[in-house]
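The following exercises concern a single protein structure. Please examine the sequence and the model before reading each solution.

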Amino acid sequence: MEQPRGELRFGIVGCGSIGGFLGRLLTRDDPELRGRARLTAVAGRDPARTRELAAELNRDAVGVPELLARRDVDAVLLCTPSGTHADLGTAVLRAGKHLLVEKPLEVTPAAAARLISVARREGRTLGVVSQRRFDPAVLLARTAIGAGELGRVTSVLVELPWWREQSYYDSGGWRGTRALDGGGALMNQAVHAVDLAQWLAGPVVEVAAHTAVLAHDGLAVEDVATASLRFRDGALGALLATTAAYPGRTARISVHGDRGSVVVDNDELAYFHAAREGERAPAYGAFGAANQAAEHAPSQKRDVSRDRIGLLYQPHRDQVLDFVDAVREGRAPLVDAEAGRRAVAVVTAVYTSAATGRPVRVDSGPPRTGADTGTDTGTGAGNGPCTGTHHEEDTS
């Protein structure tokens with residue numbers, strides 16, 4: 001497949017808050033994006049909202065068919081309700097465009113797999129937004145774990161104690177629905193954290209879970225989910241995802257090993273310790289002492305600019321740039337579609353376990369081919385390279 005030269009020209013489908021944020025990201029004066037990524041047009045189901053966003057960004061407002069027919073659109077950022085991603089994404093890919101999908105990739109592993117199959121067949125790059133992988137603290141954690149600095153990973157804790165007012169769920173007819181939202185606090189808000197847990201500690205192979213609706217009215221999905229996780233390499237984990245933790249705290253992921261531990265809290269490196277040669281911890285532990293995080297402070301510097309909806313620009317920008325490079329180089333993006341499918345598979349297993357009261361094995365997906373393993377880099381639908389994001393966003 002011939003790769004585009006120069007900048008990659010994007011269209012946005014979906015003009016809600018995340019579509020607006022990504023539009024502002026692509027049209028702000030950022031030297032890193034200049035000459036590499038440009039927004040051409042926006043499309044959405046609400047003509048008035050589409051025109052309003054287009055006017056704000058000084059770009060064309062068009063319908064979806066027109067956007068997909070435009071020759072000055074190489075790739076699409078899909079920012080519509082989660083349960084529409086497979087159908088709309090298929091149309092995008094069949095129109096010859098590359099596709100970057102706002103999380104989750106879809107609301108079931110089967111729908112996600114269908115989208116992956118279309119991308120492979122059409123020879124187009126497919127990725128899913130999981131910008132937290134691009135946070136400096138997460139990249140440091142990934143590098144340390146991959147280098148064996150923490151020893152054998154033994155446990156993982158994922159905490160997402162957020163709050164959403166009832167008005168949040170009432171603001172859109174698709175919110176809190178199984179068909180279009182795919183789930184509640186876990187599928188919508190915590191799918192980023194599920195992706196991170198698997199990126200840092202390896203695939204989750206089994207879950208045992210509970211879910212409940214405890215602080216909101218009229219939801220068909222959960223506002224509290226807890227789960228016990230078992231990872232392929234033997235580590236155990238615990239997950240809390242909720243939008244019922246008033247007034248809302250920060251997201252936190254902790255990875256512990258037999259030679260070190262790392263904690264990332266609200267995008268920051270809150271704790272890091274890797275045993276030095278000859279080191280022995282006190283017999284009863286250090287009780288949180290011996291924090292080496294400050295030693296890594298210089299490597300944690302980043303752009304702290306935020307959009308008006310609260311999101312940091314830097315992690316999303318770096319993911320967009322990785323996607324641009326993936327298209328140019330004919331390789332898989334760092335957050336590829338298979339990673340998106342795996343996150344959805346874990347979430348789905350949690351829901352099944354909660355419904356049945358039994359542990360559930362996680363769907364490992366279809367048999368892996370060359371494209372799945374990254375040896376066929378023409379589609380970007382398989383696994384990305386092992387190189388190494390957070391302020392939450394859960395609206396389309």
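**Exercise 1: The nonpolar cores**

The largest nonpolar core comprises 77 residues, and those with the most contacts inside it are Leu67, Leu99, Val156, Leu186 and Val207. The model is a predicted one. Determine which helix gives the most to this core.

Solution. Helix H11, spanning residues 337-356, gives the most, with nine residues. Apart from this core lies another, of 28 residues, including Ile18, Leu22, Val42 and Leu77. As a next step, consider Val156: beyond residues up to four places away in sequence, Val156 touches Ala197, Ala201, Phe231, Leu236, Gly237, Ala238, Ile253, Ser254 and Val255.

**Exercise 2: The sheet**

State the order of the eight strands in the open sheet, and identify its edge strands.

Solution. The order is E13-E12-E11-E7-E10-E9-E8-E14, with mixed pairing. Strand E13 (268-274) and strand E14 (360-361) are the edges, since each pairs on one side only. Within the sheet, strand E8 (residues 204-212) pairs with strand E9 (residues 224-231) in the antiparallel sense over eight bridges. In E9, Ala227 is the bridge partner of Ala209. Helix H6 (residues 136-146) packs on the sheet and touches E7, E11, E12 and E13; the direction of H6 makes about 20 degrees with that of E13.

**Exercise 3: The setting of Thr50**

Decide whether Thr50 is buried or exposed.

Solution. Thr50 lies in helix H2 (residues 47-57). Its relative accessible area is 4%. Buried means under 20%, so Thr50 is buried. The side chain of Thr50 reaches the backbone oxygen of Asp46 at 2.9 Å. Neighbours within four places in sequence aside, Thr50 contacts Cys15, Val42, Ala43, Gly44, Ala61 and Val62.

Terms used: Residues are numbered from 1 along each chain as its sequence is written. This is a predicted model: local features need pLDDT of at least 70, side-chain atom pairs count only at pLDDT 80 or more; totals for chains, interfaces and linings use all residues. Side-chain values use heavy atoms; hydrogens and water are left out. A nonpolar core is a set of buried Ala, Val, Leu, Ile, Met, Phe, Trp, Tyr and Cys residues joined through side-chain atoms within 4.5 Å. Buried means under 20% relative accessible area, exposed over 50%, partly exposed in between (1.4 Å probe, protein chains only). Helices (H or I, at least four residues) and strands (E, at least two) are DSSP runs, numbered from the N terminus. Contact means heavy atoms within 4.5 Å. Two strands pair if DSSP finds at least two bridges between them. Axes are lines fitted to C-alpha atoms, for helices over the stretch in contact, and angles run from 0 to 180 degrees between N-to-C directions. A polar contact is a pair of N or O atoms within 3.5 Å; within protein, one must be able to donate a hydrogen and the other to accept it, and residues adjacent in sequence count only if both atoms are side-chain atoms.
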